[in-house]
Amino acid sequence: MGKITLAHTISEKRREKGITQEQLAEFVGVTKASVSKWETGQSLPDLTLLPCLAAYFNISVDELIGFRPEMTQDEIRRFHRETAEAFTHRPFREVMEKCRKTAKEYYSCFPLLFQISSLMINHCGLCETSEERTSILQEAKEFLTRMRTESNDVLLAKQALSLEAYCLIALCHPDEALDLLAHEPYTYLPSEPLIASAWQMKGRPEKAVSVLQAGIYQNFLSLLSQMSSYLDLCTDRPDTFRETWKRICILADVFQVEQLNPGVFLSTYLKCAYGFLIQNDNTSALDVLEKYVRCACGNIYPLHLHGDRYFDQLDDWLSHCLDLGGAPPRNDAAIRQDIVSSVTENPAFLSLKDNPRFCALTLELSKLTDPGSQQGGSTE
């Protein structure tokens, strides 16, 4: 939002119009001395005079006082990038205060509030106590509730609803989450084919291709997420669990997910490995963890959403339609640390701690956080 720049604006706009302080004073109905004090910042115009001054200079009252209620998309991306980096290197509470201060300054900038909520949710694991984590999740939820109920952006309101439901589940309020999601349709007809047809009729086939690629990409990731969650429910049915994992692998291979969006698939590997452990199948669990380590230590950094040879129009869509473009919600160092600790510090894998194969995998994985290691170069 910046500082109020009323004095500078009055002086600048008066000079642009080529009038004297006396002429401005006469129009507004004050003394020349009053205008002089306004321009030097010694005093401020009466509140009732602001509309008159704004009209005279043919600008809005917001422009007159230097008030800017929203950040641009580029500013939001820069804020997110710098804040995610700060969470890695600065004290957690200091960065949280920066988030709170920025949210208060731009309280009507809903895209920014959404990203601040996302930052809070993605970094609340750094809290020193469970009470502090609960407080931050509740704080993020309140931002999201405001966006869901007050935003005129349908897509943003829908995204806020989903993230709000996530907060409720994390806060152990499943009934509230179900109530919130009760009116979300279980089935729907995607709009992308209709939009693509409209662009074709307008003689813009390249726009039709872009729309359909974005739709295929989003719906595939949604399917993958649902099948990954389904794995959790199949651990007591080994045949169904294996068949679900088999089908996930087929889909992932067809769409080359390890290259297209490795961050999504890494979490699926962990779910599957844990599922095999529940079934006392250590060999299969280690096979999956081996794939996890191979992917995690591959040439996938810095992690970001991007297209490939098939999704060759996706990068433009990501850049223009997502607030952060293809950037992840956390910075590279935090992501690497989480990828490592998700295995090395995960109590789910405690039964494997003395297994030589598991020890070799964790040793290989730990190189990701070694500053001297060249593992996982840039994809760019």
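Visitor: Before we look at helix 17, how is the expected span of a helix worked out?
Guide: The expected span is 1.5 Å times one less than the number of residues. Keep in mind that this is a predicted model.

Visitor: Fine. How far does helix 17 reach, then?
Guide: Helix 17 covers residues 282-296, 15 residues in total. From first C-alpha to last, helix 17 reaches 20 Å, close to the expected 21 Å.

Visitor: Which residues of helix 17 are buried?
Guide: Ser 284, Ala 285, Leu 286, Val 288, Leu 289, Tyr 292, Val 293, Cys 295 and Ala 296.

Visitor: And what do they pack against?
Guide: Five helices. They are helix 14 (238-254), helix 15 (257-260), helix 16 (262-278), helix 19 (332-344) and helix 20 (356-366).

Visitor: Let's take helix 19. What is its span?
Guide: Helix 19 has 13 residues. Its end-to-end C-alpha distance is 18 Å, close to the 18 Å expected.

Visitor: Which of its residues are buried?
Guide: Ala 334, Ile 335, Arg 336, Ile 339, Val 340, Ser 341, Ser 342 and Val 343. The buried residues of helix 19 pack against helix 6, helix 16, helix 17 and helix 20.

Visitor: Switching to pockets. How much space lies in the second largest one?
Guide: About 330 Å³. The second largest pocket is lined by 18 residues, and those closest to its centre are Arg 81, Ala 327, Pro 328, Arg 330 and Asn 331.

Visitor: Which helix gives the most to that lining?
Guide: Helix 6, with five residues. Helix 6 (73-89) and helix 19 each supply at least two residues.

Visitor: How do the lining residues divide by type?
Guide: Nine are nonpolar, three polar and six charged.

Visitor: Cysteines next. How many disulfides?
Guide: Zero.

Visitor: Why is Cys 109 not in a bond?
Guide: Because the closest cysteine sulfur, in Cys 99, is 14 Å away from the sulfur of Cys 109, too far for a bond. A disulfide needs the two sulfurs within 2.5 Å. Cys 109 is buried, at 1% relative accessibility.

Visitor: And why not Cys 167?
Guide: Its sulfur lies 8.1 Å from the closest cysteine sulfur, in Cys 124, so that pair is also too far for a bond. Cys 167 is buried, with a relative accessible area of 0%.

Visitor: Where is Ser 228?
Guide: In helix 13, residues 205-233. Ser 228 has 5% relative accessibility and counts as buried.

Visitor: What does Ser 228 touch?
Guide: Ile 248, Thr 268 and Lys 271, leaving out residues up to four places away in sequence.

Visitor: How far is Ser 228 from Glu 176?
Guide: 52 residues in sequence, and 23 Å in space, C-alpha to C-alpha.

Visitor: Now backbone geometry. Which peptide bond is cis, Tyr 301 to Pro 302 included?
Guide: The bond from Tyr 301 to Pro 302 is cis, with omega near -5°. Pro 302 sits in the loop between helix 17 and helix 18 (314-321).

Visitor: What about the phi of Asn 58?
Guide: Positive, about 60°, although Asn 58 is not a glycine. Most residues other than glycine have a negative phi. Asn 58 is in the loop between helix 4 (50-56) and helix 5 (61-65).

Visitor: Is Asn 58 buried or exposed?
Guide: Exposed, at 69% relative accessibility.

Visitor: What is the phi of Cys 172?
Guide: Near 65°, a positive value in a residue other than glycine. Cys 172 lies in the loop between helix 10 (154-170) and helix 11 (174-181). Cys 172 is exposed, with a relative accessible area of 61%.

Methods. Residues numbered from 1 in each chain as written. Predicted model: local features only at pLDDT ≥ 70, side-chain atom pairs only at ≥ 80, totals over all residues. Heavy atoms only, no water. Helix = DSSP H or I, 4+ residues; strand = E, 2+ residues; numbered from the N terminus. Buried < 20%, exposed > 50% of the residue type's maximum accessible area, 1.4 Å probe, protein only. Contact = heavy atoms within 4.5 Å. 1 Å grid on protein atoms, 1.4 Å probe; cavity = no way out; pocket = protein on both sides within 12 Å on 5 of 7 lines; lining within 4 Å. Points joined across faces, edges and corners; volume = space filled by probe spheres on them. Nonpolar A, V, L, I, M, F, W, Y, C, P; charged D, E, K, R; others polar.
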